[in-house]
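Got your viewer open? Let's walk through this one stop by stop, with a selection to make at each.

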Amino acid sequence: MEIPDPEFLKSITDLQRLDLSENRLQSLDIISKANLVKLERLILSNNELRIIDETIFKRLPSLKYLDLSKNPFVCNCSNAGFIYWMLSDKQVFVANAFQYRCSYPLSHEGELLLNFNIQSCFESVGLFCFITSSSLVLLTLVLSFTYHFLRWQLVYGYYLFRAFLYDGKKKKEGCADVYDAFVSYNVHDEAWVYHELVPELEERQGWKLCLHHRDFEPGREILENITDAIYSSRKTLCVISRQYLQSEWCSREIQMAASFRLFDEQKDVLILLFLEEISSDQLSPFYRMRKLVKSRTYLSWTQARSHRGLFWERVRRALESGNNPNHDPLTANI
């Protein structure tokens with residue numbers, strides 16, 4: 001029988017027998033597109049069918065007889081589903097099934113199709129599923145670990161790279177510093193900053209300070225604001241207290257200030273101002289940073305109670321220059 005027109009097969013729903021033998025068919029697409037709900041006998045012998053999609057037969061609810069004799073079957077895992085279906089299906093009689101022989105690959109040529117070991121195919125699929133699921137579980141654990149323990153390092157690295165690009169752009173454009181100093185402080189120390197630091201440095205000495213509660217751009221990511229503030233200022237003045245050390249954001253600010261500019265430009269742009277006496281254990285992060293940079297300014301507010309004028313003079317000198325002031329009772333080498 002010649003191959004019927006696909007549109008014709010779609011229009012006929014009551015066809016019970018279909019003979020497509022000796023038509024050199026290489027696939028079963030013509031059947032998959034037909035609406036053969038009443039088809040009982042399907043003859044596909046003497047064609048060029050190598051790989052059989054058994055799901056096509058499952059869509060023929062009335063099928064009872066199937067003949068696929070004398071087709072050049074492939075004996076590999078591509079036909080594992082078809083072989084399993086022939087052995088397990090109770091409704092469809094597959095004519096001469098135990099005589100179907102392999103034509104490909106050459107190593108299996110002439111062997112019986114139903115003798116092909118499909119178990120190895122399912123084991124391979126099972127192994128693949130196991131490896132895939134294990135990899136997904138491992139990836140989930142790694143991502144969870146990374147997010148929980150290393151998320152700040154990743155964010156920090158990302159913004160360090162952005163800062164590198166930002167600095168290159170700024171140097172290329174020759175932009176001048178907008179502020180004399182970016183003041184990094186904890187919200188608990190805001191009263192001291194606005195009642196002591198700002199009146200002295202801005203009103204009396206005339207410095208232009210960048211304060212995050214006042215000068216950060218609303219709606220921007222906080223790390224973007226910090227990067228902008230650090231690179232738009234000649235200095236970064238960190239007002240350090242116990243609350244400051246416990247603040248994650250303040251810790252990031254001082255790390256970014258040191259990494260972005262101390263290591264990049266080899267300039268002493270970081271000024272540490274201690275509001276209270278703090279033990280060396282609490283300053284371990286700053287100790288590591290201090291060892292990498294030879295020149296740094298450390299000022300102690302607690303030691304300046306009787307020397308306020310001298311203390312603010314030392315702050316002025318620190319803002320003016322990148323060099324440490326000479327040691328005196330108001331400077332703490334920690």
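Where does Asp 177 lie? Select it and you land in the loop between helix H5 (119–173) and strand E7. Keep in mind as you look around that this is a predicted model. Asp 177 is partly exposed, with a relative accessible area of 34%. Now add Lys 235 to the selection and draw a C-alpha to C-alpha distance: the two residues are 58 apart in sequence and 9.7 Å apart in space.

**Zoom out for a moment**

Show the whole protein chain as a cartoon. You should be able to count 12 helices and 11 strands. Of its 334 residues, 45% are buried. If you switch on a surface, you're looking at about 18,800 Å² of exposed area, with carbon and sulfur atoms supplying 54% of it. As for contacts between residues at least 6 apart in sequence, 67% join residues at least 24 apart.

**Next selection: strand E7, residues 179–184**

Six of the six residues in E7 are buried, so the strand is largely enclosed by the rest of the structure. Hide the surface again and look at what pairs with E7. Strand E9 (residues 233–240) runs parallel to E7 and is joined to it by five bridges; find Ser 184 and you'll see Cys 238 of E9 standing opposite. Strand E8 (residues 209–211) is also parallel to E7, joined by three bridges, and here Val 183 stands opposite Leu 211.

Now trace the path that links E7 and E8. Add helix H6 (residues 190–204) to the view: E7, H6 and E8 make a right-handed β-α-β unit.

**Stop on Asp 180**

Stay in E7 and pick Asp 180. Is it buried or exposed? Its relative accessible area is 17%, and the cut-off for buried is under 20%, so Asp 180 counts as buried. Show its side chain and look for a polar atom there that lies 2.7 Å from the backbone nitrogen of Lys 208. Leaving out residues up to four places away in sequence, Asp 180 touches Trp 207, Lys 208, Arg 234 and Lys 235. That last name should ring a bell: Lys 235 is the residue you paired with Asp 177 in the distance check.

**Across to E9 and E10**

From E9, step over to strand E10 (residues 270–274). Five bridges join E9 to E10, and the two run parallel. To check the register, select Thr 236; its bridge partner in E10 is Leu 270. Five of the five residues in E10 are buried, so this strand too is largely enclosed by the rest of the structure. Turn on the side chains: Leu 270, Leu 272 and Phe 274 point one way, while Ile 271 and Leu 273 point the other way.

**Two helices to colour**

Go back to H6 and pick Glu 200, which sits in that helix. Glu 200 is buried, with a relative accessible area of 14%. Not counting residues up to four places away in sequence, Glu 200 touches Gln 205 and Trp 312.

Then select helix H8, residues 222–231. Nine of its 10 residues are buried, so H8 is largely enclosed by the rest of the structure. The buried ones include Glu 224, Asp 228 and Tyr 231.

**Over to the four-stranded sheet**

Select strands E1, E2, E3 and E5. They form an open sheet in the order E1-E2-E3-E5, with parallel pairing. The edge strands are E1 (17–19) and E5 (93–95), each pairing on one side only. Neighbouring strands in this sheet are turned by 10° against each other on average, direction ignored. For a close-up, take E3 (residues 65–67), which is joined to E5 by three bridges. Asp 67 stands opposite Ala 95 there.

**Last stop: backbone oddities**

Which loop holds Glu 22? Look between E1 and helix H2 (29–32). Glu 22 has a positive phi of about 55° although it is not a glycine, and at 62% relative accessibility it counts as exposed.

Asn 46 also has a positive phi, near 55°. You'll find Asn 46 in the loop between strand E2 (41–43) and helix H3 (55–58), partly exposed at a relative accessible area of 32%.

Finish at Pro 105, in the loop between strand E6 (102–104) and H5. The peptide bond from Tyr 104 to Pro 105 is cis, with omega near -10°.

Terms used
Residues numbered from 1 in each chain as written. Predicted model: local features only at pLDDT ≥ 70, side-chain atom pairs only at ≥ 80, totals over all residues. Heavy atoms only, no water. Pairing = 2+ DSSP bridges. Axes fitted to C-alpha atoms, helices over the stretch in contact; angles between N-to-C directions. Buried < 20%, exposed > 50% of the residue type's maximum accessible area, 1.4 Å probe, protein only. Right-handed = clockwise from strand over helix to strand, strands pointing away. Contact = heavy atoms within 4.5 Å. Areas by Shrake-Rupley, 256 points an atom, 1.4 Å probe, with all protein chains shown as cover. Polar contact = N/O pair within 3.5 Å; in protein donor to acceptor, adjacent residues only side chain to side chain.
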